Structure formats: C-alpha cells, structure tokens
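The following report describes a single protein chain by its pocket, its strands and two selected residues.

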Amino acid sequence: MRAAFMTKCVVLAVSGVVILGGLKTAANAAQGVPDFDVTITPASQTVQRGQSVSYAVAVRSLEGFRGSVSLRFANVPTGTLSQANPAAVYVASGATARSVIVLKPSATTPVGPAVFQVNGVSGSKTRSASAT
C-alpha cells in the first residue's frame, strides 16, 4: 500500500509528489481510484545564464488511470525560458509516459537557487513535482 501524502500546496526543495487540489490517500488507493503521479529527475542541477538544462518528467498511471495529462510550469524564475516536449502526454493504464523539460535562464534571471514546479493536469486532477 502507498503512503499517504498530505500537503497544502507546499513546494519541496527535493523531487517528489506534491498533491494540489485534493488529497491522495491510502484509502483512495485501496478503493482503486484511478490517479497518476509526476516525478522530475534529476532533483537538482546547476546552470549558467544563457545555457540550458534538461530534466526528465515521468507521469505514471496509478490504479488504472489512463488519459491525457498536460504539463504546466509554476515558480520558474523570472527571465527563464521553460519548455516541455511534449507539453502533453497520454498515459495508458499501468504505464508511464515521459517528457523532457528544458530551462534556459537569460541574462535577467536572478542568480541563486530556485525551486520550480511542473504540474500535471488531467480534468480536475493536478499532481505536481518540484526540482531545483
């Protein structure tokens, strides 16, 4: 059985699942409620202004979930170009869909560590992961 994650839109400085718009509980998993989760790897990278850095995003089906999941960014530092390829993935039941995100800070991007978030959105469900 999966551990329950309970949060109120807290962005973590490490990669992991953050639940937005509801709670994902062990009870839901036991009842077989279709769901998905989002992960980003690696959890942290360093990049210089003007260069780009790539992260792998995985959207995994849980409890038979299947459907299209749009990937959206949040908390990306000002002046940073963010792209997901593809920007939406189809997740088959029991499978994992993958995307690559690229961040490219510009000369105006503030220097220093920053935590950004990728939100996977499907219908009324939003599942998120963060990285630095």
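In this predicted model, the largest pocket has a volume of about 450 Å³. Its lining comprises 20 residues, and those nearest the centre of the pocket are Gln 45, Val 47, Pro 105, Gly 112 and Ala 114. Two elements, β3 (53–62) and β7 (96–105), each give two or more residues to this lining. Sorted by class, the lining of the largest pocket consists of 11 nonpolar, 8 polar and 1 charged residues. The background to such a description is simple: rolling a probe the size of a water molecule over the atoms shows where empty space is left.

**Overall architecture**

The chain contains 1 helix and 9 strands. Along the sequence these elements follow the pattern β-α-β-β-β-β-β-β-β-β. Of the 132 residues in the chain, 36% are buried. The exposed surface of the chain amounts to about 7,000 Å², of which carbon and sulfur atoms supply 55%. Among contacts with a separation of 6 or more, 62% are made by residues 24 or more positions apart.

**Strand pairing**

Strand β3, already named as a contributor to the pocket lining, also pairs with two other strands, β2 and β7. How enclosed is β3 by the rest of the structure? Because 7 of its 10 residues are buried, β3 is largely enclosed. Strand β2 covers residues 35–41 and runs antiparallel to β3; within this pairing, Asp 35 stands opposite Leu 62 of β3. The pairing of β3 with β7 is likewise antiparallel, and here Val 59 has Ala 97 of β7 as its bridge partner.

A further antiparallel pairing joins β4 (residues 67–74) to β6, in which Gly 67 stands opposite Val 91 of β6. Strand β6, residues 88–91, has two faces: Val 89 and Val 91 form the covered one, whereas Ala 88 and Tyr 90 form the uncovered one. Val 91 therefore belongs to the covered face of β6 under the cut-off of 20% relative accessible area for burial.

The bridge counts of these pairings are set out below.

| Strand pair | Sense | Bridges |
|---|---|---|
| β2 and β3 | antiparallel | 7 bridges |
| β3 and β7 | antiparallel | 8 bridges |
| β4 and β6 | antiparallel | 4 bridges |

**Two residues in their surroundings**

Ala 92 lies in the loop between β6 and β7. Is Ala 92 buried or partly exposed? Its relative accessibility is 35%, so Ala 92 counts as partly exposed, given that this class lies between the limits of 20% and 50%. Leaving aside residues up to four places away in sequence, Ala 92 touches Ser 61, Phe 65 and Arg 66. Of these, Ser 61 falls within the span of β3 (53–62). Ala 92 and Gly 67 are 25 residues apart along the chain, and their C-alpha atoms are separated by 6.7 Å. Gly 67 is the residue that stands opposite Val 91 in the pairing with β6.

Ser 130 is located in strand β9, which spans residues 125–131. With a relative accessibility of 0%, Ser 130 counts as buried, since that value is under 20%. A separation of 57 residues in sequence lies between Ser 130 and Phe 73, while their C-alpha atoms are 9.8 Å apart in space. Phe 73 falls within the span of β4 (residues 67–74).

Conventions. Residues are numbered from 1 along each chain as its sequence is written. This is a predicted model: local features need pLDDT of at least 70, side-chain atom pairs count only at pLDDT 80 or more; totals for chains, interfaces and linings use all residues. Side-chain values use heavy atoms; hydrogens and water are left out. On a 1 Å grid over the protein atoms alone, a cavity is a set of points where a 1.4 Å probe fits but cannot get out, and a pocket is an open set with protein on both sides within 12 Å along at least five of seven lines; lining residues have an atom within 4 Å of a point. Grid points are joined across faces, edges and corners, and a volume is the space filled by probe spheres set on the points. Ala, Val, Leu, Ile, Met, Phe, Trp, Tyr, Cys and Pro count as nonpolar, Asp, Glu, Lys and Arg as charged, and the others, Gly among them, as polar. Buried means under 20% relative accessible area, exposed over 50%, partly exposed in between (1.4 Å probe, protein chains only). Contact means heavy atoms within 4.5 Å. Accessible areas come from the Shrake-Rupley method with a 1.4 Å probe; for residues, only the protein chains shown count as cover. Two strands pair if DSSP finds at least two bridges between them.
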